[in-house]
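Visitor: I would like a close look at a single part of this model, with the cut-offs stated.

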Amino acid sequence: MSTKNLQIATVGGGCFWCTEAVFQEVKGVEQVISGYAGGNVPGKPTYREICSGLTGHAEVVQVTFDANVISYEAILIIFMTTHDPTTLNRQGADRGTQYRSVIFYHNDTQKEVANRVINELKPYYEQPIITELTAAPTFYEAEQEHQDFYENNPDYGYCSFVIEPKLSKLRKLHSALLK
């Protein structure tokens with residue numbers, strides 16, 4: 001009988017539908033929840049409020065993973081290589097502070113690992129990495145219709161044109177880490 005070593009990673013790399021779909025394919029990932037974090041208004045925000053750009057929250061996913069199967073470092077490498085960490089407040093056509101690239105660390109070890117991963121990946125990008133690295137604030141779970149979005153809506157246009165290419169890139173770069 002093996003004991004699980006469950007840990008949490010909280011990251012935002014544009015639309016949470018994309019990031020959620022990526023991590024749902026990774027070995028050792030137990031759960032992925034889409035949500036919001038990093039804002040400057042009190043109380044639980046709504047998707048509409050987030051989309052206004054006025055709350056300061058980012059669309060993020062909270063990834064619960066078994067560190068006996070996949071490391072936090074591997075989680076971050078997957079994250080950093082399946083979105084563009086060099087663009088400020090946008091991913092593709094999605095624009096606004098809610099789409100910023102961000103890693104919310106939960107402890108000093110995660111902060112150290114995140115700094116190391118960012119520094120190790122810098123040479124692979126032509127532009128500077130601008131991913132925000134911040135202590136994890138309160139995480140607010142997004143509305144139910146945003147959970148498992150790709151899985152529940154594979155024929156939705158956004159899924160075909162944005163999520164499918166991300167998943168193809170994931171499968172090409174990280175096939176050994178996938179379920």
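What covers the buried residues of α6?

Guide: This is a predicted model, in which local features need pLDDT of at least 70, side-chain atom pairs count only at pLDDT 80 or more, and totals for chains, interfaces and linings use all residues. Residues are numbered from 1 along each chain as its sequence is written, and side-chain values use heavy atoms, with hydrogens and water left out.

The cover of the buried residues of α6 includes α1 (16-23), α3 (72-81), β4 (90-91), β5 (94-95) and α5 (149-152); contact means heavy atoms within 4.5 Å. Helices (H or I, at least four residues) and strands (E, at least two) are DSSP runs, numbered from the N terminus. The buried residues in question are Y158, C159, I163, K166, L167, L170 and H174, where buried means under 20% relative accessible area, exposed over 50% and partly exposed in between, with a 1.4 Å probe and protein chains only.

Helix α6 covers residues 157-174, and for its 18 residues a span of 26 Å is expected at 1.5 Å a residue, counting one less than the number of residues. The end C-alpha atoms are 25 Å apart, in agreement with that. The helix nevertheless has a kink of about 35° at I163, shortly before the proline P165; the bend is the angle between axes fitted to the seven residues ending there and the seven starting there.

Y158 also has an aromatic partner. Its ring and that of W17 have centres 5.5 Å apart and planes at 85°, so the pair is edge-to-face (rings of Phe, Tyr and Trp, its six-membered ring, pair with centres within 6.5 Å; planes under 30 degrees apart are stacked, over 60 edge-to-face, the rest tilted). This pair links distant parts of the chain, as W17 is in helix α1 and Y158 in helix α6, 141 residues apart. W17 is itself buried, with a relative accessible area of 9%. Ring pairs join W17 and Y158 with F149 and Y156 in a cluster.

The structure holds zero disulfides, a disulfide being a pair of cysteine sulfur atoms within 2.5 Å. C159 of α6 is in none: the nearest cysteine sulfur, that of C18, is 8.0 Å away. C159 is buried, with a relative accessible area of 0%. For C15, the closest cysteine sulfur is also in C18, at 4.8 Å, which is too far for a bond. C15 is buried too, at a relative accessible area of 6%.
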